[in-house]
Structure formats: C-alpha cells, structure tokens
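Please open the model in your viewer and keep the sequence panel visible beside it. This tour proposes one selection after another and describes what is found at each stop.

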Amino acid sequence: MDTHKKIRVHISALSDGELSKNDLELALAALQTADGQHAWNVYHRIGDVLRAQATPELSDGFADRLAARLAAEPVPGKRAARTAVAQRAAVASNGAALGADAAGGESTDAKSVNKPKPAIASVS
C-alpha cells in the first residue's frame with residue numbers, strides 16, 4: 001500500500017474512532033497537511049450523510065420535469081447515429097405508405113415503384 005493511501009486509511013480510522021494507538025502519531029502528523037485536513041473533512045461529511053435521517057420531500061412534479069428534461073437531451077455517440085438512420089427509414093417508409101392507393105395498396109408515386117423498402121434496424 002503506498003504511503004498516501006496508508007495515511008488516508010489512518011485518517012479514516014481516526015475519524016471512525018478505530019485507529020490503533022500505534023498509528024495515532026502518523027495520523028495526527030498527516031492532519032497537519034492540507035491533504036490530511038481535506039481527507040478529514042471528506043470522511044466526516046461522508047459519515048454525516050450516512051447517519052442522516054430521512055431526506056426532504058421533492059416538490060410536486062419533480063419526477064415529471066426531470067423525465068421531460070432527460071427526454072430532451074441529445075442522444076450521445078453511436079446511438080444518435082443509429083437513431084437518426086432508423087428515423088430516416090421510418091420517414092421513408094411512412095412516406096411510401098402515404099402515397100399508396102387506398103383501393104389497391106400500390107404506390108402512386110413513380111419513384112417508389114420497384115424500390116425496396118429500407119430496413120429498420122432495432123436499437124437496443
């Protein structure tokens with residue numbers, strides 16, 4: 001275990017009241033440094049959160065507003081490209097269906113005659 005990690009383990013044990021007397025001097029020396037003081041504060045905040053009572057109630061409609069904001073977020077990376085391809089395929093497919101003759105089901109659009117329908121890839 002490297003020295004930095006060992007010092008943090010000692011500070012954590014000290015904050016929990018579980019540090020052995022043999023390691024007390026090392027932990028107290030570490031608390032004199034900026035990093036040691038930061039670790040001490042972090043461990044105490046973690047303990048405060050773990051011991052905290054019930055959380056406050058969220059405002060009415062919070063979940064709905066959060067869901068709407070998440071839905072409005074752009075889809076990152078490869079999923080965005082696959083989604084765009086699937087959307088274009090769906091639009092093309094729907095466009096061909098809209099031009100179909102209601103009686104015979106054949107397309108009246110000359111461009112769509114003998115044209116294969118695009119495959120719609122499933123997005124997982």
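The stops below run from the whole chain to single helices and then to individual residues.

**Before starting**

This is a predicted model, in which local features need pLDDT of at least 70, side-chain atom pairs count only at pLDDT 80 or more, and totals for chains, interfaces and linings use all residues. Residues are numbered from 1 along each chain as its sequence is written, and side-chain values use heavy atoms, with hydrogens and water left out.

**Stop 1: the whole chain**

Display the protein as a cartoon. Its secondary structure comes to five helices and zero strands, where helices (H or I, at least four residues) and strands (E, at least two) are DSSP runs numbered from the N terminus. Along the sequence, the pattern reads α-α-α-α-α.

Now show the surface. The protein exposes about 10300 Å², and carbon and sulfur atoms supply 57% of that area; accessible areas come from the Shrake-Rupley method with a 1.4 Å probe, and for residues only the protein chains shown count as cover. Of the 124 residues, 11% count as buried. In this tour, buried means under 20% relative accessible area, exposed means over 50%, and partly exposed lies in between (1.4 Å probe, protein chains only).

Contacts, defined as heavy atoms within 4.5 Å, give a further view of the chain. Among contacts with a separation of 6 or more, 43% are between residues 24 or more positions apart.

**Stop 2: helix α1**

Select residues 3-15, which make up helix α1. This helix has 13 residues and reaches 18 Å from its first C-alpha to its last, close to the 18 Å expected at 1.5 Å a residue; the expected span is 1.5 Å times one less than the number of residues. Which residues of α1 are buried? They are His 10, Ile 11, Ala 13 and Ser 15, and the buried residues of this helix pack against α2 and α3.

Centre the view on His 10. This residue counts as buried because its relative accessibility is 7%. Beyond residues up to four places away in sequence, His 10 touches Leu 19, Asp 23, Leu 26 and Ala 27.

Move next to Ala 13, also in helix α1. With a relative accessibility of 17%, Ala 13 counts as buried. Leaving aside neighbours within four places in sequence, Ala 13 is in contact with Glu 18 and Leu 19. A C-alpha to C-alpha distance drawn from Ala 13 to Tyr 43 comes to 9.6 Å, although the two are 30 residues apart in sequence.

Just after α1, select Gly 17, which takes a positive phi of about 75°.

**Stop 3: helix α3**

Select residues 34-51 for helix α3. The helix has 18 residues and reaches 26 Å from first C-alpha to last, close to the 26 Å expected at 1.5 Å a residue. Its buried residues are Gly 36, Ala 39 and Gly 47. These lie on the same side of α3, because they cover an arc of only 70° around the axis, the arc being that of the directions from the helix axis to the C-beta atoms. The cover over them includes α1 and α2 (24-30). Rotate to the face turned away from the buried side of α3, where the exposed residues Ala 34 and Val 49 are found.

**Stop 4: the salt bridges**

Side chains of opposite charge can pair when their charged atoms come close. How many salt bridges are there? The count is two, a salt bridge being a side-chain nitrogen of Lys or Arg within 4 Å of a carboxyl oxygen of Asp or Glu.

Show Asp 35 and Arg 8 as sticks: they form a salt bridge, with the closest N and O atoms 2.8 Å apart. The pair links distant parts of the chain, Asp 35 in helix α3 and Arg 8 in helix α1, 27 residues apart. Asp 35 is partly exposed at 33% relative accessible area, and Arg 8 is partly exposed at 22%.

Then show Arg 51 and Asp 48, whose closest N and O atoms are 3.2 Å apart in their salt bridge. Being three residues apart in helix α3, they are separated by about one helical turn. Arg 51 is exposed at 54% relative accessible area, whereas Asp 48 is partly exposed at 48%.

**Stop 5: a nonpolar patch**

Finally, select Leu 58, Phe 62, Leu 66 and Leu 70, which form a nonpolar patch on the surface with about 390 Å² of accessible area together. Patches are made of residues with over 30% relative accessible area and no salt bridge: like charges are joined within 9 Å, and nonpolar side chains (Val, Leu, Ile, Met, Phe, Trp, Tyr) within 5 Å. Phe 62 lies in helix α4 (residues 62-72) and is partly exposed, with a relative accessible area of 34%.
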